[in-house]
Amino acid sequence: YKGNKLELRGDADASEKVYSFIQTLEQTGLFTEVTEDIKTDASRPGRRTTFSLTCRLPGTGDGES
């Protein structure tokens, strides 16, 4: 948590799981915006997908109420 943003980082064994997680976060209604940086590394065993998400929180000093 930093200011009005929640930053999440991790990895998964399939990119579909990451996209499903993002969709679930967006559907919660807790965040005004969810942005992502997703990379699949074919050189790692199991083609691991790493991700970094930034979730903007409403009404936390960013001009929104």
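Here are three short exercises on the predicted model above, each with a worked solution.

**Exercise 1.** Find the residues of the largest nonpolar core, and say which elements each supply at least two of them.

*Solution.* Start with the members: the largest nonpolar core has ten residues, namely Ala12, Val18, Ile22, Leu25, Phe31, Val34, Phe51, Leu53, Cys55 and Leu57. Next, look at the elements: helix α1 (15-27) and strand β3 (49-56) each bring at least two residues to this core. Now zoom in on Leu53. Leaving out residues up to four places away in sequence, its contacts include Phe21, Ile22 and Leu25, and also Leu6, Glu7 and Leu8. Thr35 and Glu36 complete the list for Leu53.

**Exercise 2.** Which parts of the chain does the salt bridge between Asp11 and Arg48 tie together?

*Solution.* First check the pair: the side chains of Asp11 and Arg48 form a salt bridge, at 3.0 Å from N to O. Then place each partner: Asp11 sits in strand β1 (residues 5-12), and Arg48 in the loop between β2 (33-40) and β3, so the bridge joins parts 37 residues apart in sequence. Finally, consider exposure: Asp11 is partly exposed at 37% relative accessible area, and Arg48 is partly exposed at 23%.

**Exercise 3.** Is Arg9 buried or exposed, and what is its salt-bridge partner?

*Solution.* The cut-off for exposed is over 50% relative accessible area. Arg9 has 66% relative accessibility, so Arg9 counts as exposed. Its partner is Glu7, with the closest N and O atoms 3.5 Å apart. Glu7, at 38%, is partly exposed. This bridge belongs to a set of five salt bridges found in the whole structure.

Methods. Residues are numbered from 1 along each chain as its sequence is written. This is a predicted model: local features need pLDDT of at least 70, side-chain atom pairs count only at pLDDT 80 or more; totals for chains, interfaces and linings use all residues. Side-chain values use heavy atoms; hydrogens and water are left out. A nonpolar core is a set of buried Ala, Val, Leu, Ile, Met, Phe, Trp, Tyr and Cys residues joined through side-chain atoms within 4.5 Å. Buried means under 20% relative accessible area, exposed over 50%, partly exposed in between (1.4 Å probe, protein chains only). Helices (H or I, at least four residues) and strands (E, at least two) are DSSP runs, numbered from the N terminus. Contact means heavy atoms within 4.5 Å. A salt bridge is a side-chain nitrogen of Lys or Arg within 4 Å of a carboxyl oxygen of Asp or Glu.
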